[in-house]
Number of protein chains: 2
Amino acid sequence: MKITIKKNILSEKLNIISKAISTKNIIPVLAGIKLDLKKEGIFLTTTNDEIAIETFIDKSNIKNIEEEGSIVVPGKYFLDIIRKLEDKEITIQTDGLRVIISTKRGEYSLNGINSIEFPNIKFDTQEKPITISQPLLKTIIGQTSFAVSTQESRPVLTGILFQIEDNILQCIATDSYRLAKKIIHLDNPVTSKINIVVPGKNLVELTRILSDEEKNIELHIFSNNILVKTDEMLFQSRLLNNSYPDTSKLIPEEFEVTIIKDLTEFYNAIDRVALLTDEKDKNLVKMEIEGTTMTLSSTSQEIGKMEEQLEIEKDKEVDMKIAYSSKYMLEALRTLKCDKIEIKLNSEIKPIIIKSTEDDNLIQLVLPIKTF
Amino acid sequence: MKITIKKNILSEKLNIISKAISTKNIIPVLAGIKLDLKKEGIFLTTTNDEIAIETFIDKSNIKNIEEEGSIVVPGKYFLDIIRKLEDKEITIQTDGLRVIISTKRGEYSLNGINSIEFPNIKFDTQEKPITISQPLLKTIIGQTSFAVSTQESRPVLTGILFQIEDNILQCIATDSYRLAKKIIHLDNPVTSKINIVVPGKNLVELTRILSDEEKNIELHIFSNNILVKTDEMLFQSRLLNNSYPDTSKLIPEEFEVTIIKDLTEFYNAIDRVALLTDEKDKNLVKMEIEGTTMTLSSTSQEIGKMEEQLEIEKDKEVDMKIAYSSKYMLEALRTLKCDKIEIKLNSEIKPIIIKSTEDDNLIQLVLPIKTF
């Protein structure tokens, strides 16, 4: 293969596919980028065990396509060289298994791998994909992915559940100590029900590539994988095939008391009071509601005691004491973008529900820790 | 003790002394901040094995000084609490060994340590200290500290040598593979010769506190320590007492050839060519001068080969091949702030000298690696 190409365009596309370059060195070809030069342009592909990404540079952006062909280049080094080059145009050609990058200044050659050794990935698409706005998908992932489990003991909890029925998309993540639930109304209803679990960390990688541009992207869902298609790339992730636990009864419908408080004030108070807590004591913070005063506190035998009072509003004359992980509470609060929130309580051993006063589509649940 | 104080002023001073809070937990009192309240104001002191820092907040910045007294508070937690408080004014008082920080919102109490347990540090000063500009001292440290040894096998090489005679200050750092030398003309000549070695990493900590404000600061030099005095603080470091090797004959006075090249072009070319190199092969880059062309190259059997050509100027019709550590060369080049540099060579086994074409006061030396 031999092409002359604009450095900036190549660099941009490489940034996208770099997210699927394997950093483990067990299978060398997975640490590579497959370059596949055809008459119509060049395809760039990467894959690790979890995801595969493909981008394409059209021939209109390439100066010369002299010979078609394909090869796998060492990903990290290829990326680094292209990024550091100051030239506007670069030539890439193969000489057997050597890949030679050349510019006016110099010549940089890398030992490639025969593309036969690269996994044969099919990026299948559907006739009628689901369409969703790109920034909205980023938001959904950001508001739920933090709550997935990081432990492999229940693999399905390391994923985010996507359920679609008619035009309602419901996303759920839980590690069994807290739960995040987001509901979206899709523009077009789907014909068959969808119920898939996508690995959380793969979706976090996806958010690093998606732009904030207000554009629709396509979701193509199959039994074993999901393909996300944008103008820029194809992103494919495996699915988790275990069945997701039924969480529908976890979120109570009625509450003993609903507290209304300014989000930032509540967040900053917990952030301060939690200063002495650590993972060892489950980041425990106590919250006591008495009249219109909320007292937040934490104690460490060794270091000291933090206590803060906040003025609150509430819907009923009910007082309550409850304790929870400040880490989980802060992570849940960070997903909310609003002025005021509702903190909904039933008892010291029942789930705490947090949501914006103005939006019912995002619900954060944190389980309390029994201490009183 | 009991005081009411502006949060911002306390926070500012705490940032300064935080650099000497020990992060090792072997001696708990060294992880603390000594608060010492006197009629004239409050002294804040920290120390680890290497450095001690003291700052002072004058009574004019304190609302109430109710009881004099002193205590040691846990450094990290005290800092974190003060930083995170949103109140403008805070009250700090002791109750036995408890330190209570209180604001309108809350009360944060920390278990303190009796100040008797805190090391008794004397910040001695001299009648006639050496004065030097604050940003200049920062620059000197930045241009030399990177070249100190990180190995404890020759402890004296982990320090920077400060030699003063009359009004000439000479700073030298070397790890025996490269050397950095900076010469400064002081405004006032010193009466007695000075020859001290200050631990490099302590000076790097100092640069993190010094501001860029064009102000003179004082150096008070004793046989075992150096005290740096600014308007804001006292910073004391131990000295290394071993004698520093004589480096005066290391820098040649005559050269076979001097190459003149644009600094940025030379830096970027090495940065690219060095991409395949690693510590294992000493980050080896080859440099071949033939006529007015410089060829930089590196080879990795496994990964590939990088090669780049640069146009150069030189003072004599001498060609040369030489190889060196790209890491050491890039670190040396980063200290230079100029357009053009001189690269001075004698032979493939003699030191390489790098300096600005316009400034003789900073000299960087890199030893070559024999390969040709």
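**Contacts, strands and symmetry in a predicted two-chain model**

B:L250 touches B:L179, B:P351 and B:L365, when residues up to four places away in sequence are left out. The model in which these contacts occur is a predicted one. B:L250 is located in the loop of chain B that runs between β17 (233-238) and β18 (257-262). One of its contacts, B:L179, is 71 residues away along the chain, yet the C-alpha atoms of B:L250 and B:L179 are separated by 9.0 Å. With 16 other C-beta atoms within 10 Å, B:L250 is classed as partly exposed, because 20 or more such atoms are required for a residue to count as buried.

The strand that precedes this loop was examined next. Five of the six residues of β17(B) are buried, and the strand is therefore mostly covered. Strand β4 (residues 51-58) of chain B pairs with β17(B) in the antiparallel sense over five bridges. Strand β16 (residues 225-229) of chain B likewise forms an antiparallel pairing with β17(B) over five bridges. B:L234 in β17(B) illustrates both pairings: B:E54 stands opposite this residue, and so does B:K229. Three residues lie between β16(B) and β17(B), and the two strands form a hairpin.

Chain A as a whole contains six helices and 26 strands. Its domain assignment gives domain 1 (2-117), domain 2 (130-238) and domain 3 (257-366). The C-alpha centres of domain 1 and domain 3 of chain A lie 50 Å apart, and the C-alpha atoms of the chain fill a box of roughly 80 × 55 × 35 Å along the principal axes. Of the 372 residues in chain A, 38% are buried. Among contacts in chain A with a separation of 6 or more, 69% join residues 24 or more positions apart.

Helix α4 (residues 200-209) of chain A shows how burial can be distributed around a helix. Its buried residues are A:G200, A:N202, A:L203, A:L206 and A:I209. These residues cover an arc of only 165 degrees around the axis, and they therefore lie on the same side of α4(A).

The largest nonpolar core comprises 197 residues, of which A:I53, A:I160, A:I352, B:I53, B:I160 and B:I352 touch the most other members. The surroundings of B:I160 were considered further. Apart from residues up to four places away in sequence, B:I160 touches B:T144, B:S145, B:V148, B:C171, B:A173, B:V197, B:V198, B:G200 and B:L203.

Backbone geometry was also considered. Most residues other than glycine have a negative phi. A:N283 is not a glycine, but has a positive phi of about 55 degrees. This residue lies in the loop between α5 (263-273) and β19 (284-290) of chain A, and A:N283 counts as buried because it has 20 C-beta neighbours inside 10 Å. In chain B, B:K282 has a positive phi of about 60 degrees although it is not a glycine. B:K282 is found in the loop between α5 (263-273) and β19 (284-290) of chain B. With 17 other C-beta atoms within 10 Å, B:K282 is partly exposed.

Finally, the relation between the chains was determined. A turn of 180 degrees, with a shift of 0.0 Å along the axis, lays chain A on chain B with an RMSD of 0.0 Å. This relation is that of a two-fold axis. Of the interface residues of chain A, 100% are also interface residues in chain B, so the copies meet through the same surface.

Technical notes:
Residues numbered from 1 in each chain as written. Chains lettered and ligands numbered in written order. Predicted model: local features only at pLDDT ≥ 70, side-chain atom pairs only at ≥ 80, totals over all residues. Domains from an automatic or database assignment. Least-squares fit on C-alpha atoms with pLDDT ≥ 70 in both. Contact = placed C-beta atoms within 7 Å. Core = buried A, V, L, I, M, F, W, Y, C linked by C-beta atoms within 7 Å. Buried ≥ 20, exposed ≤ 12 C-beta atoms within 10 Å, placed from the backbone. Helix = DSSP H or I, 4+ residues; strand = E, 2+ residues; numbered from the N terminus. Arc of directions from axis to C-beta. Pairing = 2+ DSSP bridges.
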